[in-house]
Amino acid sequence: MNRRELLRTTLAAGAAVGLGERRVIAAPGQAPFRLKYAPHFGMFEHHAGKDLLDQLKFGADQGFTAWEDNGMSGRPVDVQERVAKEMTRLGMTMGVFVAMGDFENVTFASTKPEIRSDILAKGRAAVEVAKRVGAKWTTVVPGRYDVGLEWDYQTANVVDNLKRLAEVLEPAGLVMVLEPLNAWKDHPGLFLTKIPQAFQICRAVGSPSCKILFDMYHQQITEGNIIPNIDRAWSEVAYFQIGDNPGRKEPTTGEMNYRNIFGHIHGKGFPGLLGMEHGIAKPGLEGEKALLAAYRSCDAF
């Protein structure tokens, strides 16, 4: 499942609160996880039904202290507000939503005035969403690379555009997290693909509102070397996302040793979120149970 498919699935899970029967069947009182793993809407529908607030309640009962919604900016304002209110009541932290993710066009690598204006307009819109839902981070994918322009010129353009965007986000305390995506399986043709590249760009931008989203699924495909790259890029990493490889399903379904990875991140004192941006290996209720068991197992580092 690539990001576009995941985003469509997320939005399909419920564009408005109140859809579906209310049937939370959680066993309450599970101990909180040691790290702030953030599920998505739709991950626990077989336990909690389609109602978004019931899914949040189920997640909190299972020990999750955060939640992530890529498609939050596309939800009606009243839904954003109701989700935020319930998360506050449950003591849950809001994770990322996607501010910019153009997979078809050259955007941040461009100098075209109309593209730069669009970047700033989307940044201002993201600030408003973040205010409503209490979000601290928003995902930015810097678009495709330009086949007709030297790479270093493109990098300079990306840095310039990110600096302009950071000027919009900084006063609101909103952090854009740049996400390198793999070119081998899911997203060929994009400008940003590797953690060292993102590190270099964040250092060049030099803003507290420009950091790295370290998606471990993508980076396992692109470069591997997960724990050493976490250490080298640590000063610029503000957010993680999870997915095993191959398959982009929950931890324990692929080749990655997530118990060791989670233990390493915890040992470094990471205070932020780890978004569960992946599918579920098995269908139905049993798949959701296996998902919960996998996180309990990998959180026991």
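These are my notebook entries on selected helices, strands and loop residues of a predicted model.

**Entry 1. Helix α7**

I began with helix α7, which spans residues 195-205. I asked which of its residues are buried. I found Ile-195, Gln-197, Ala-198, Ile-201, Cys-202 and Val-205. These residues cover an arc of only 155° around the axis, and therefore they lie on the same side of α7. I noted the background to this pattern: an α-helix has 3.6 residues a turn, so residues three or four places apart point the same way.

I then looked up what the buried residues of α7 pack against. The helices on the list are α6 (151-169), α8 (216-222) and α9 (226-233). The strands are β6 (175-178) and β7 (210-215). At the end of the helix I checked the backbone: Gly-206, just after α7, takes a positive phi of about 65°.

**Entry 2. Ser-209**

I next turned to the loop between α7 and β7, where Ser-209 has its place. Is Ser-209 buried or exposed? I recorded a relative accessible area of 3%; because that is under the 20% cut-off, Ser-209 counts as buried. The side chain of Ser-209 reaches the backbone oxygen of Leu-174 at 2.8 Å. Leaving out residues up to four places away in sequence, I listed the contacts of Ser-209 as Ala-166, Leu-169, Glu-170, Leu-174, Val-175 and Met-176. Leu-174 thus appears both as the partner of the Ser-209 side chain and in the contact list.

**Entry 3. Asn-225**

I looked up Asn-225 in the loop between α8 and α9. Its phi is near 55°, a positive value in a residue other than glycine. With a relative accessible area of 42%, Asn-225 is partly exposed.

**Entry 4. The loop between β8 and α10**

I examined this loop for backbone features and found Pro-246 placed in it. The peptide bond from Asn-245 to Pro-246 is cis, with omega near 0°.

Arg-248 is found in the loop between β8 (237-241) and α10 (258-267). I noted a phi near 50° for Arg-248, a positive value in a residue other than glycine. Arg-248 is buried, at a relative accessible area of 2%. Which side chain does the side chain of Arg-248 join in a polar contact? I found Glu-277, at 2.9 Å. I also took one C-alpha separation: Arg-248 and Phe-214 stand 34 residues apart along the chain, and their C-alpha atoms are separated by 15 Å.

**Entry 5. Glu-288**

I placed Glu-288 in helix α11, residues 284-298. Glu-288 is buried, with a relative accessible area of 2%. I asked which residues Glu-288 touches, not counting those up to four places away in sequence. The list runs Met-43, Phe-44, Glu-45, His-46, His-47 and Ile-280.

**Entry 6. Helices α4 and α5**

Two packed helices are described by the angle between their axes and the distance between the axes. I looked up both values for α4 (residues 77-90) and α5 (residues 113-133): an angle of about 40°, with the axes 8 Å apart. The two helices are therefore oblique to each other.

I then listed the residues that make the contact. From α4 they are Val-77, Gln-80, Glu-81 and Ala-84. From α5 they are Val-129, Arg-132 and Val-133. By class, I recorded 4 nonpolar, 1 polar and 2 charged residues in this contact.

**Entry 7. Val-141 and Leu-149**

Val-141 is found in strand β5, residues 137-141. I recorded Val-141 as buried, with a relative accessible area of 3%. Beyond residues up to four places away in sequence, Val-141 touches Met-100, Gly-101, Asp-102, Phe-103, Phe-108, Leu-181 and Leu-190. The C-alpha atoms of Val-141 and Asn-161 are separated by 12 Å, the two residues being 20 residues apart along the chain.

I went on to Leu-149, which lies in the loop between β5 and α6. At 30% relative accessibility, Leu-149 counts as partly exposed. Apart from neighbours within four places in sequence, I found Leu-149 in contact with Ala-109, Gln-154 and Asn-157. For Ala-109 I also noted the C-alpha separation from Leu-149, which is 9.2 Å across 40 residues along the chain.

Definitions and conventions:
Residues numbered from 1 in each chain as written. Predicted model: local features only at pLDDT ≥ 70, side-chain atom pairs only at ≥ 80, totals over all residues. Heavy atoms only, no water. Buried < 20%, exposed > 50% of the residue type's maximum accessible area, 1.4 Å probe, protein only. Helix = DSSP H or I, 4+ residues; strand = E, 2+ residues; numbered from the N terminus. Arc of directions from axis to C-beta. Contact = heavy atoms within 4.5 Å. Polar contact = N/O pair within 3.5 Å; in protein donor to acceptor, adjacent residues only side chain to side chain. Axes fitted to C-alpha atoms, helices over the stretch in contact; angles between N-to-C directions. Parallel < 35°, antiparallel > 145°, perpendicular 65-115°, else oblique. Nonpolar A, V, L, I, M, F, W, Y, C, P; charged D, E, K, R; others polar.
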